[in-house]
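User: I am new to this structure and would like to learn how to read its features one by one. Could you take me through them, giving the general idea before each case?

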Amino acid sequence: MNLFQPSFAKRLLFFLLSDLVLFYISLQLAYALRFDFVIEPKHMTNFLTVFVTLSLLKLLFFFLFRIYSITWRFFGLDDALHLIKAHISAAAAFGVLLYFFYDFFMPMPRSAILIDLFLSLMLTGALRISKRALIEQLKQGDERPTLIVGVNPKTSSIIKSALSGELNYFPVAIFALLKENQSAVNTYINKVKVYAADDLEKEIDERGITAAVITAELSQSDLKALFLRLQNAGIKEIKLAKILGSQHEKLEDLSIEDLLARHPKDLDSNAIAAFIKGKNVLITGAGGSIGSEITKQCHHFGAASLTLVDNSEFNLYQIAEELPEAVHALCSVTDYQRLDKLFSERPVDIVIHAAAYKHVPLCEENVDIAVVNNIIGTKNVIDLSIAHKVQKVVIISTDKAVRPTNVMGATKRVGELYAQNVDSKETEIVAVRFGNVLGSSGSVIPKFKKQIESGGPVTVTDREMIRYFMLIPEACQLVLQAASIARGNELFILDMGEPVRIYDLAQQMIRLYGKEDEIEISFTGLRPGEKLFEELLIDENEKKTEYSSIFIAHPSTYAISRLNEDIHALLKADDKIEGLQKIVPEFTRKA
């Protein structure tokens, strides 16, 4: 065991011995002050008795107020208040003992106890603040002067952690960005001055600031504007402050997800919990980007059991590592018999069908298997759910199903039509359509990150291409929320917010990496099946729901008997594109 290795026992022993020495000094000094440093021997007769009794009382209340549980370098205002309370309690307790055992302590100068209270408090407090003061003094020589954007409790917590050495930053200025914080301008938070937002560029230049920590809760547009402002002022290192639990900070790099994320204000956790809690849920495609997040959400909201279905061994293994208590079924949704067995083996109340081939170019190259997986797989899930009297089925769809120009979108549109028109008997079936999710496997953001990290170039198909984006957790929660209000045979559309130009996205990501002068953007042209603009079909004709982020599309009528015949003919057809166009007339394939 290393003698100099820090430990709680060593720290406790150090403070116990140090406090006893300080208690002795403070009491001696109290006596001396009481008698103007001329103490008659008779007043010192019971000094040792008074010292031992008072010291034991102080130690008792130090333990009761957890003074010895405080980490030395993080000693703060709350800890100082506890130290004051401990000293007052000890002095009061000694006063009680003196009242009942007056003769035992006499002769002694009673006023010395009050003097000792202040002296002991000063000495023990100075000991505990000394390390923090030393660290803060040393931090003033740090080479990374930092500005903090925002005036809120996180600001104070971040400054304390930075000055104590926990974070490798030295705050030199705070900026009140929000209107409600303007009254704080020219005040101080932990000795750091608060400036008006207009002074930002000036202070950055004069103080040589190289990093920024954002503690303010900003809208997406405000965060984008601040990011550009900081970048233009020469700040390359930008962090977002997050508080984990009580007084624990985590600084994360500002990411493209932070700049693009649309945070729906109408997420209703109570509605989702009421829908999921206590239910037996079967999820297909459970190891994919969407399926795995829906699986976690269902677990979070209290599902009684989870049956996780995926055709990829690796994907299923990954989600099994996180949720070992679930049932993990390695199965393709095109395998009707295997699926039927899964439905028969255990009760299923809710089915969420996220399994699909979704990558446009691959589906264009593998039309036959895309048709089978996306159409027959969806049909199998729906038919078996009806046969086993599942309460509700949720089909995950896509914006590419709107006036599709590729096989993937056309097959998903067929799935929507089947969900809307099948005789569902006792089962409520709902399809939910939304756009791209940030960070999903194979999506543009991980691709751009890899290209930037490898030195570029970043490849964009077309300067004018736009897409909708949403965070995976928020998209999945809205899916469950839409399902909670569904009554059957409906097509829900999620409001994805404003579309994003992919070229602008590439530029933002390059700026985030601070490589504007190093990385080029090249244009590759549209790939087979791609289109410049994705649509969700949200307009004034769509039916609103009680939630502003969820709409209901007008139903598309397609006689189920004819749809089944057309699907059967599609499977046998040599020309799958022609067969898809018969079912989805608006499908215009782009080569």
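User: At what angle do helix α16 and helix α20 pack, and how far apart are their axes?

Analyst: Please keep in mind throughout that this is a predicted model. As a general idea, two packed helices are described by the angle between their axes and the distance between the axes. In this case helix α16 (residues 407-421) and helix α20 (residues 560-572) pack at an angle of about 150°, and their axes are 10 Å apart. Because angles over 145 degrees count as roughly antiparallel, α16 is roughly antiparallel to α20. The crossing of these two helices, α16 and α20, is left-handed.

User: Is α8 roughly parallel or oblique to α19?

Analyst: The reading starts again from the angle and the distance: helix α8 (residues 220-232) packs against helix α19 (residues 502-512) at about 50°, with 11 Å between the axes. That angle makes α8 oblique to α19. The crossing of α8 and α19 is left-handed.

User: Let us turn to charged side chains. How many salt bridges does the count come to?

Analyst: The idea is to look for a side-chain nitrogen of Lys or Arg within 4 Å of a carboxyl oxygen of Asp or Glu, and by this rule the count comes to 20 salt bridges. One of them joins Glu364 to Arg589, where the closest N and O atoms are 2.8 Å apart. Since Glu364 belongs to helix α14 (residues 360-365) while Arg589 sits in the segment after α21 (576-583), the pair ties together parts that are 225 residues apart in sequence. As for their surroundings, Glu364 counts as buried at 9% relative accessibility, whereas Arg589, at 37%, counts as partly exposed.

User: Where do Asp383 and Lys379 lie, and how many residues apart are they?

Analyst: Both lie in helix α15 (residues 367-387), four residues apart, which is about one turn of the helix. Their side chains meet in a salt bridge with an N to O distance of 3.0 Å. To judge burial one needs the cut-off, which is under 20% relative accessible area; Asp383 therefore counts as buried at 19% relative accessibility, and Lys379, also at 19%, counts as buried.

User: Which parts of the chain does the pair of Glu464 and Arg501 link?

Analyst: The side chains of Glu464 and Arg501 meet in a salt bridge, at 3.4 Å from N to O. This pair links distant parts of the chain, with Glu464 in the loop between β15 (458-460) and β16 (466-467) and Arg501 in strand β19, 37 residues apart. Glu464 is partly exposed, having a relative accessible area of 39%, and Arg501 is partly exposed with 25%.

User: Which residues are linked in a network of salt bridges?

Analyst: Here the residues to look for are Arg413, Glu416, Arg433 and Glu586, which are linked in such a network.

User: How should I read backbone angles, and what is the phi of Lys389?

Analyst: Most residues other than glycine have a negative phi, and that is the background against which to read a positive value. Lys389 has a positive phi of about 55° although it is not a glycine. Lys389 is found in the loop between α15 and β12 (392-398), and at 56% relative accessibility Lys389 counts as exposed. Lys425 is another case, with a positive phi near 50° in a residue other than glycine. Lys425 lies in the loop between α16 and β13 (428-434) and counts as exposed, at 63% relative accessibility.

User: Is Met496 buried or exposed?

Analyst: Met496 counts as buried, at 2% relative accessibility, and its place is the loop between β18 (490-494) and β19 (500-501). Sequence separation and distance in space are read separately: Met496 and Phe469 are 27 residues apart along the chain, and their C-alpha atoms are separated by 6.4 Å.

User: Finally, which residues form a nonpolar patch on the surface?

Analyst: The patch is formed by Val96, Tyr99, Phe100, Phe101 and Phe104, which together have about 630 Å² of accessible area. Helix α3 (residues 77-100) gives the largest share of this patch, three residues. Val96 lies in that helix, α3, and Val96 is partly exposed, with a relative accessible area of 46%.

Key:
Residues numbered from 1 in each chain as written. Predicted model: local features only at pLDDT ≥ 70, side-chain atom pairs only at ≥ 80, totals over all residues. Heavy atoms only, no water. Patch = residues over 30% accessible without salt bridge, like charges linked within 9 Å, V, L, I, M, F, W, Y side chains within 5 Å. Areas by Shrake-Rupley, 256 points an atom, 1.4 Å probe, with all protein chains shown as cover. Buried < 20%, exposed > 50% of the residue type's maximum accessible area, 1.4 Å probe, protein only. Axes fitted to C-alpha atoms, helices over the stretch in contact; angles between N-to-C directions. Parallel < 35°, antiparallel > 145°, perpendicular 65-115°, else oblique. Left-handed = near helix turned anticlockwise from the far one by under 90°.
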